[in-house]
Every structure is written in C-alpha cells, then in structure tokens.
Amino acid sequence: MLGYSIPISDYKNYPALKFSIQNLYLKILLLPSKSFLMDTLLAKAFDPETFRREGHQLVDLLTTYLQECRDAKPMPVLPPSNPETMVDFWTKDFKSEGFNLQDFYTTLISQSNHIHHPRYMGHQVVPPAPLSALTELLEAILNNGMAIYEMGPAATAIERVVLRWLADKLQLPKSADGILTSGGSAGNLTALLAARQVMAGYNIWDEGAHDESPLAFMVSEEAHYSVSRAARIMGWGEKGVVKVPVNDKMQLDASKLEETLAEAKANGLKVIALVGNACSTSTGTYDPLDQMADFAEKHGLWFHIDGAHGGAAAMTENYKHLTKGLERADSVVIDFHKMMLAPALTTAVLFRNGQNSFETFAQKAEYLLSNAAQKPWYDSAGRALECTKKMLGVKIYAMIKLYGDQLFSDYITTMYDLGKYFAERIKQETGFELAVEPDGNIVCFRYRSAGFDGDVNQLTASIRKKLLDDASFYVVQTTVRNEVYLRVTLMTPFTTHDDLDALLQSIKLMAE
Ligand SMILES: Cc1ncc(COP(=O)(O)O)c(C=O)c1O
C-alpha cells in the first residue's frame, strides 16, 4: 500500500493548510490498492459479462428442468438422502479443488425436493410461477433494502399497491392497510403484537406486561405452531394460549367458545383476542369464521385470522364461502408463497383499521425514521419485523399485471377441485379412509387391507417410509386425533387424476 504519515498536528495553527493536507492524506490512502489479487477478485465478482453468460446458462438449465417437471418425467421427487451423508457430501465438495458454477447448480437441483413435479404432494410450498421467480432475480440484484422509503422508493409504492389490491379482493374496508413480511410465522407475530398493544389497556410496549390479569388469546387446538410461539415470544407462556376444542371436522367448535372464555376468565386471564384458521395446517379445515367474528364482536375481542394457506380462497367463486367472515377480521395474514404462486417468503399482514399496523412496534428508531411521531406509511421499518427487507411486492405486482386476478382464482380452484376429486376416489377405494372430509387441497387419509388386524398407525408410518424410499411421490404424514395419517397437499397444477390414482395403487402395494 502507498502511504506515509504526515504529522498533521504540526499544522494545527493553519486550519486551511491542515484541511488540504488531510485531504491529500485521504487521497493517498484511497488510491487504488496495489493488491493485484483483491482487484482481480472484485472485478471478477462484479463482471457484468460473466453474469450474462452464467445467467443465460442457468435460465437454460432451469428451463429444461421446468419442462421435465411439466412433462412429469419420472424422477425421485425427493431424492432419498439423510442429513449426515448429505453434510459429508457437501463438506467434501467444499474442500475439493476447483468449482464450476453450472455443475454446482445441476448438483443442487438433483439433490433437491422437486416442488414443480406433478407427483410432489408434500408440504404447503407452491411451485412458483417461473416469471415470478425471474422477477425475484431482479429484486436480488437491485437489493433495495426497504427499511425506509429512500432505500426502495418504487418497491415501497408497489408494496402499497399490492396490499390495497389484496385488501380489496378480501373485501376489507377502505381503511385497511398493512405490510408485507417474510413468512406467515412473522406475519402472525406482527399482527398479534399489534393486537396486544391495542387491547392490553395500557402501553405494554413501553411498560412491559403487568402482573395482574395476564393476557391471553383463544385459538383452536389445530392452529399452526407459530400462533402459540407468538404468545411465548410475547412472554405469555403456555397459559397465554387458551385452546378451544375442535369438532369432528377438526374445525374450532364454536359451541365451546363461551365456556372456554368463561373458564379462562375464572383462571384470572384477560383474553384479548380470538384467532381463526383459514385453514388449519394439518387437515386444511376452515374454522367457522363468521360465527367467530360474532363472538369476538360480542365480547370485544380482537379477531385475527391466520389465512396463511387458504385465506386467498376468498378470491374464488366456488370456494369463497369457506372464508365467510374473513372480511370482518381485525387482522389477517396471507402467504403468497402458499396458494398464490410466489417464491418463498412473501406474506401480507393486513389490518382492518390500517392505523393499527403502526401498533406492532410502538418503538421509535429515530436514526432511521425521519419523524417517528408522524409514523409515515412509507418507512416500512416502523411496522415490519425486518429492518432491511426484500422488495417483496415486486414479483406479486408483476404477476397481477401479467396474468390478472384470475390467475390466483384459477390456481386455487384447480387445486381445491383436485382435493375434492382425491377425497372421492379415497372414499370409493376399499380399504382407504379419510381422516376428515377436506375443504380444499389438503387431504389426510390412510389404508388398511381387508384382513389387517395390526397397528394401523405403524402400518401408515411404514407406508410413508416406503413412499419416501421409492421417491416416485412425495407425501407427508400427520397426526389427527392422535392417529397417524398420510397427508397430501396438492400444490402442482399439473398433477392429474392419473397421478392420484397411481398414488393409491402404490400405497396398496406397499401395504402388502
Ligand atoms: C396456517 C399456517 N399459518 C402459518 C404458517 C407459517 O407460515 P411460514 O412457513 O410462511 O412462516 C403455516 C405454514 O405452514 C401455516 O400452514
């Protein structure tokens, strides 16, 4: 490095001279480094032409991959592996000489869970519409941080447009507003923090929780774990989640609401909110949202809806009845990466009264937010869990403009219809049983042959294991009423009736 020290203190009596000498000193320090290696690496890492070349190759690779999935090319949907051998593989690869980016991409694809394959029927992760993933590449390169308006002006405005569009589709009032955040778990926490601040009756954000009458919310036994986790994060512990029993359909049993609330009060709890599932994770069942809204209204409770998976069914003609009451929620969470064709993670948190979106974090961060007292809508850090946040709305905006609202309605309707078809097939086939009549695209079922008198839970678990080993399908397992069931979530619009029939036949063979 070039550089030599000038005793600046010698010039202390000559301020102008001191300034120019300091400047000179800085300039010398900032001269391009002679470190050839650093220059080369940085230049290489930022070379636009390399980006073009590798980018084209990657798009070609992904195009072939998408086509193979679309053609239902037989492949191990989840290639069998175990965590220890997988980490050994990558440790060895990491230590090996040389690296080819395209080979790396190819290997990664081959070892991954193939969400786009029609025989992927596992967890609730959507195969993203390819152009929404392409738009995400742009988000990654622009990398506008979104904490405040200046860090992502266009993306901030686009996020607002997308949220208003969604609020409209959900038939929330004009006062609705919210934010996009990174996932349903973060979304539930964001909404429930606001509920706590609005409903506690004092400034809990600044004062912390008061000891007398601890706070709680009521939720069905079937709620996603992120809901009870939110209570624990807020320091309410286990008692902060008052569980309402479910009925035969695994819906929150509305007839149990009054007694559950009375019991909670008798136990000294101050229940501030009621949480509804639209739909539940395990069985995909929708809670009776309209009845719950009545109950919440009667008792002055905040009504939050976890619509991470199925809230968007409100946009369909044939399934919107399932979400009746959603439009009455104080807050609602919807994942775009579940039933709205976007890559993970993008979640909308909407508040009926948009002002409540500012209650999630009543805290100030003056160094970021120009005037915290005014709480401008366009400085997202004031309302989102994230400081730096991805430009979440951009790919959603592009999808809406490219394909129109109908895309989402078509997708959800296709997948829910397929769930209904599969349930009917299960009912027709001897030996198969449904855990519960499905509302949408999550179907839980199991099989036992005519003379089987063993443990059906063990049998189901062993079938699931064989399905994993065989890897022609990817299906998961769940527990319903303490009994083990296979669980499919139909996520790929190109899954056919034949695929589902083939799954039933495979299961029969595996049960032998
Ligand atoms: C009903 C429900 N809520 C919340 C979540 C959590 O969402 P995320 O995985 O985006 O954090 C899930 C995930 O499966 C879910 O099914």
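## Helix 3 and helix 5

Axes here are lines fitted to C-alpha atoms, for helices over the stretch in contact, and angles run from 0 to 180 degrees between N-to-C directions. The model is predicted. In it, the axes of helix 3 (residues 48-70) and helix 5 (residues 101-110) come within 10 Å. They cross at roughly 25 degrees. Angles under 35 degrees count as roughly parallel, and helix 3 and helix 5 are therefore roughly parallel to each other. The crossing of helix 3 past helix 5 is right-handed.

Helix 3 contributes Glu54, Gln57, Leu58, Leu61, Leu62 and Tyr65 to the contact. Facing them in helix 5 are Leu101, Gln102, Tyr105, Thr106 and Ile109. By class, this contact holds 7 nonpolar, 3 polar and 1 charged residues.

## The sheet

Seven strands form an open sheet. Their order is 1-7-6-5-4-2-3, and the pairing is mixed. Strand 1 (177-181) and strand 3 (241-244) stand at the edges. Each has a single partner strand, so one side of each is left without a neighbour in the sheet. On average, neighbouring strands are turned by 20 degrees against each other, direction ignored.

Strand 1 pairs with strand 7 (residues 347-351) in the antiparallel sense, over 5 bridges. Ile179 has Val349 in strand 7 as its bridge partner.

## Helices on the sheet

Helix 7 (residues 153-169) packs on the sheet. It touches strand 1, strand 6 (331-335) and strand 7. The direction of helix 7 makes about 115 degrees with that of strand 1.

Helix 11 (residues 257-266) lies across strand 2 (215-220), strand 3 and strand 4 (270-277). Helix 11 runs at about 150 degrees to strand 3.

Definitions and conventions
Residues are numbered from 1 along each chain as its sequence is written. This is a predicted model: local features need pLDDT of at least 70, side-chain atom pairs count only at pLDDT 80 or more; totals for chains, interfaces and linings use all residues. Side-chain values use heavy atoms; hydrogens and water are left out. Two strands pair if DSSP finds at least two bridges between them. Helices (H or I, at least four residues) and strands (E, at least two) are DSSP runs, numbered from the N terminus. Contact means heavy atoms within 4.5 Å. Angles under 35 degrees count as roughly parallel, over 145 as roughly antiparallel, 65 to 115 as roughly perpendicular and the rest as oblique. A crossing is left-handed if the near helix is turned anticlockwise from the far one by less than a right angle, and right-handed if clockwise. Ala, Val, Leu, Ile, Met, Phe, Trp, Tyr, Cys and Pro count as nonpolar, Asp, Glu, Lys and Arg as charged, and the others, Gly among them, as polar.
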